[in-house]
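Reader: Hello! I am new to this structure and would love a close look at one small part of it. Could you walk me through a sheet and its surroundings?

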Amino acid sequence: MAPGGGVFKEVLESHLLSSDYETGKAKSEAKSSSTFPKSSVGSTGKNEISSKNGVYDLLKCPVCKNLMYPPIHQCPNGHTLCSNCKIEVHNICPTCDHDLENIRCLALEKVAESLELPCKYQSLGCHDIFPYYTKLKHEQSCGFRPYNCPYAGSECSVMGDLPTLLAHLKDDHKVDMHDGCTFNHRYVKSNPHEVENATWMLTIFNSFGRHFCLHFEAFQIGTAPVYMAFLRFLGEDSEAKKFSYSLEVGANGRKLTWQGIPRSIRDSHRKVRDSQDGLIIQRNLGLYFSGGDRQELKLRITGRIWKEE
Ligand SMILES: [Zn+2]
Ligand SMILES: [Zn+2]
Ligand SMILES: [Zn+2]
Ligand SMILES: [Zn+2]
């Protein structure tokens with residue numbers, strides 16, 4: 001029954017009912033700015049600077065007990081505290097109740113900058129040690145930093161390494177998992193004219209020992225309603241580039257094809273969507289491909305993933 005004969009193994013046919021999609025303005029990437037959580041130092045951080053224990057104590061914020069990083073603040077009486085806590089105590093010194101004003105403790109900042117600190121993803125496997133600012137820079141691209149959950153269409157704050165996320169996608173989002181490098185998906189929607197900003201994330205594919213997620217969604221480019229399908233790679237961008245994929249959709253002797261490179265899930269699903277890096281189907285064409293009286297969206301998307309040598 002699949003067009004394309006035996007080329008594509010039919011692995012799945014999914015009918016999406018109204019409960020299977022979620023509308024909303026894709027708020028799920030609100031976390032992307034969270035690369036700077038409250039300061040923390042790995043358990044061996046103390047060891048690295050054990051010879052400077054006095055300094056270490058000086059750099060401990062009296063409120064949150066974390067190591068203070070620039071900007072470090074002090075009250076007019078010289079009590080120091082970290083910038084997170086300055087906000088939380090509403091600019092009143094917790095030690096002497098004096099107004100905190102806006103006084104920096106530059107000497108302490110210099111000391112803090114000179115310390116070598118472990119990457120904050122030490123517990124996830126990174127054993128690098130850096131001066132403070134280099135460390136911040138490194139942590140933004142550290143290969144051990146956790147991934148955000150790639151599930152689209154709902155706000156999900158789960159983060160973790162790939163095995164954690166795969167288990168989470170399966171158990172908590174009930175995402176289908178499939179093996180193989182070809183696929184054949186049907187997307188059915190009974191009231192396509194009402195669907196804007198709908199996201200579907202149907203499936204995770206396990207191909208070549210790596211994992212890919214296929215996204216399909218309805219949104220607008222300008223005022224034009226479109227559907228878009230694209231693939232994301234569960235892993236780093238450098239790895240994603242080793243793969244290519246193709247998508248095809250069509251009917252009645254017409255066909256749209258797309259060939260691309262899967263995007264790392266380091267790029268949010270929203271970012272990939274907005275860059276239009278995937279198969280884009282104008283709604284009118286999508287309804288034409290659906291056949292019938294255009295009152296129902298019925299698209300069959302076939303695809304293939306391969307490894308570039
Ligand atoms: Zn603090
Ligand atoms: Zn004070
Ligand atoms: Zn690291
Ligand atoms: Zn999730």
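Author: Happily! One term comes up at once: two strands count as paired if DSSP finds at least two bridges between them. With that in hand, please keep in mind that this is a predicted model.

Let us start with a pair of strands. β1 and β2 run antiparallel and are joined by three bridges. To see one of the contacts between partners, look for Gln-74, whose bridge partner in β2 is Thr-80. In general, the strands of a sheet pair through backbone hydrogen bonds, in either a parallel or an antiparallel way.

Now widen the view. The open sheet here has three strands, in the order β2-β1-β3, with antiparallel pairing. Its edges are β2 (80-82) and β3, each of which pairs on one side only. Against this sheet packs helix α4, made of residues 106-114, which touches β1, β2 and β3. The direction of α4 makes about 155° with that of β1.

The loops leading into these strands deserve a stop too. Between α2 (53-58) and β1 (72-74) there is a loop that holds Pro-71. The peptide bond from Pro-70 to Pro-71 is cis, with omega near -5°. Another loop, between α3 (83-88) and β3 (103-104), contains His-90. His-90 has a phi near 55°, a positive value in a residue other than glycine. As background, most residues other than glycine have a negative phi, and most peptide bonds are trans. Is His-90 buried or exposed? His-90 counts as exposed because it has 7 C-beta neighbours inside 10 Å, and the cut-off for exposed is 12 or fewer.

For a companion to His-90, travel further along the chain to Phe-208, in the loop between β10 (198-207) and β11 (210-221). Phe-208 also has a positive phi, near 55°. With 13 other C-beta atoms within 10 Å, Phe-208 is partly exposed.

Finally, here is the setting for all this. The protein chain comes to nine helices and 17 strands, and buried residues make up 30% of its 309 residues. Of the contacts with a separation of 6 or more, 58% are between residues 24 or more positions apart. As for confidence, the chain averages a pLDDT of 81, and 81% of the residues score at least 70. Over residues 1-51, though, pLDDT stays under 50; the model has 85 contacts beyond four places in sequence for that stretch.

Terms used. Residues are numbered from 1 along each chain as its sequence is written. Chains are lettered from A and ligands numbered from 1 in the order in which they are written. This is a predicted model: local features need pLDDT of at least 70, side-chain atom pairs count only at pLDDT 80 or more; totals for chains, interfaces and linings use all residues. Helices (H or I, at least four residues) and strands (E, at least two) are DSSP runs, numbered from the N terminus. A residue is buried if 20 or more other C-beta atoms lie within 10 Å of its own, exposed if 12 or fewer, and partly exposed in between; C-beta atoms are placed from the backbone. Two residues are in contact if their C-beta atoms, placed from the backbone, lie within 7 Å. Axes are lines fitted to C-alpha atoms, for helices over the stretch in contact, and angles run from 0 to 180 degrees between N-to-C directions. pLDDT is the predictor's confidence in each residue, from 0 to 100.
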